[in-house]
Amino acid sequence: MTIRLTVAQALVRFLAAQHTERDGTRQRLIGATWGIFGHGNVAGIGQALVEYADVMPYHQGRNEQAMVHAAVGYARQSNRLSTHAVTTSIGPGATNLVTGAALATINHLPVLLLPGDVFATRPADPVLQQLEVPYAGDVSVNDSLRPVSRYFDRVTRPEALIPAALQAMRVLTDPVETGAVTLALPQDVQAEAYDWPEEFFAERTWVVRRPGADPTELAEAVQAIRAAERPLIVAGGGVHHSRAEAALAELAETTGIPVAATQAGKGSLPYDHPQDVGGIGHTGTATADELARTADLVIGVGTRWTDFTTASNTLFAAAGVRFLNLNIAPYDGHKLAGLPLVADARSGLTELTDGLRLHGHRVADAYRAAYGAAKEAWERRVDYAYAAADPDARPTQPQVLGALDAVVDETDVIINAAGSMPGDLHKLWRARSYDQYHLEYGYSCMGYEIPAAIGVRLAAPDRPVWALVGDGTYLMMPTEIVTAVQEGIAIKVLLVQNHGYASIGGLSESVGGERFGTAYRFPSDDGTYTGAPLPVDLAANAESLGMRVLRARTVRDLRAALAEARAADTPTCVYVETETADTVSGAPEAQAWWDVPVAETATRPSAVKARELYERHVSTRRRHL
């Protein structure tokens, strides 16, 4: 039996029938489709979404990149078991997907991209928005998506959709390979009819694997842990993707091994768990970083070992330190010349715990007492950073986080990606539940927060969802506020005004760049932007897009506004201008270095001094072999 449909209609029906299953729980793989329509998809995918609106929900976006961010936020909140599709026209609509695709792939988060493409039959050449490449007639702007996609195909014939769609689903549901998947759809092919085999539209379930460890690798891992005197676990995003938080807690409690967390792994243990020692690396806590410097065995669980985590290979300083990498991806399992333990995080942690329990293994009491005391000392530093001596003063950024900390509970989700806030959050935030802390720091993409909050709220409609944004990030992509208002998606935006790129301004100062070009101020006579702050009113901007806005001028105002926003059932923004931390409590300084090369020769004193400091730090870098 066959069914006659257009390619676009067939694809939408196929997507509506795809499911995932893990641990006996089944859900739709493609929960909805986001779309902005132009001539490259309006008559194909656009018509198909109208045709099958009863089986494929649709969300109207305002910016193509933002639609990908919303889909990624939904996928992460859904533990990668469900995601959204994103359709665009050809040309700029398609190329706007590239940043979002890179973010998804770098973070190993599934999203399906369906950009329109130029005519496969070439009735006119070129058509509107077509890139002409003199040496290759089969290249379009969609080819820019190839390096940032885990799977890419261009469907130039109707029948080619069948293998392409199946391969796309395979990659989306593969816990190792997942990321952005792109099916480029020529606009004429989208509208072309074909007799499809009925089986193509049958309900299909993709089982998400939980592979266990190889027995030899497992035995070596158990022996390595038993031989270590100062082991340290580093929890990465793979702990959350696998929902391995309980298994991690059992291993930590059984052995007494402390657990530090990357940005993606924070919340793997709640902040008040005895074995949780906070964030690690350049933005980590003093407790975790000191443990890292003296550890003889570092056990990475689901981490990619980025430069922020390793402090650009200067953090793990003990002589003879070795690494054990529990990771479902062999590529990551072999990093830092570590012992690989290639397995699903939950399966591998459970097997490790069982193996160590057989030997009654536990770290020394003195080690546990030492890191416990250091953990308590760090919490006092957090208390100090959060505290406001004068509730009628303008808050610092850490005090903004302290005010938010006081109103949330374990059900709230906070979302952030870029600027100075990720560093403060990694050091200071007290994660109460495994999915409260949603930091996109694999790509650290400005503009991610607001659309991602929409995606998270769609995946968790009963949870309070906060997008934490600075003025720099806000100006990159406020567009999806309109979508939140249109669909009544009650996200909360905490908008912090500090008049520029605070994070890069601080970095610029530390590397001899003198904060050049990082402030949102009028230019001065010397060519620098050091004049008066720009008279922009971001709160009014958010209000003009339909959002309810609460302005907070003091710590006292802020506390009240945050409580009011949390209770709101409509999209609500809390706007606050922050004080610098020069004279009041601020976040602790970085506890570990990060390699940003400094000019090797310069005449300005700030750059000369920065280079001297840089060379001292570089001398401590090592390769783990």
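Visitor: Which residues have the most contacts inside the largest nonpolar core?
Guide: In this predicted model, the largest nonpolar core has 52 residues, and those with the most contacts inside it are Ile280 and Phe316.

Visitor: And what does the second core include?
Guide: That core is separate and has 48 residues, with Leu97, Ala184, Ile415 and Ile481 among them.

Visitor: Why would such side chains sit together?
Guide: As a general tendency, nonpolar side chains in soluble globular proteins are buried together.

Visitor: Switching to strands, which way do β8 and β9 run, parallel or antiparallel?
Guide: Strand β8, residues 151-154, and strand β9, residues 180-186, run parallel and are joined by four bridges; within this pairing, aspartate 153 of the one strand stands opposite leucine 183 in β9.

Visitor: What does the chain cross through from β8 to β9?
Guide: The chain passes through helix α6, which spans residues 161-172, and the resulting β-α-β crossover is right-handed.

Visitor: OK, what about the open sheet, in what order do its strands come?
Guide: Its three strands are arranged in the order β3-β2-β11, with mixed pairing; β3 (25-28) and β11 (204-207) are the edge strands, each of them pairing on one side only, and the twist from one strand to the next averages 30°.

Visitor: How many bridges hold β2 and β3, and in which sense do they pair?
Guide: Strand β2, residues 18-22, pairs with β3 in the antiparallel sense over four bridges.

Visitor: Which residue in β3 is the bridge partner of arginine 22?
Guide: The partner of arginine 22 is threonine 25 in β3.

Conventions
Residues numbered from 1 in each chain as written. Predicted model: local features only at pLDDT ≥ 70, side-chain atom pairs only at ≥ 80, totals over all residues. Heavy atoms only, no water. Pairing = 2+ DSSP bridges. Helix = DSSP H or I, 4+ residues; strand = E, 2+ residues; numbered from the N terminus. Axes fitted to C-alpha atoms, helices over the stretch in contact; angles between N-to-C directions. Core = buried A, V, L, I, M, F, W, Y, C linked by side-chain atoms within 4.5 Å. Buried < 20%, exposed > 50% of the residue type's maximum accessible area, 1.4 Å probe, protein only. Right-handed = clockwise from strand over helix to strand, strands pointing away.
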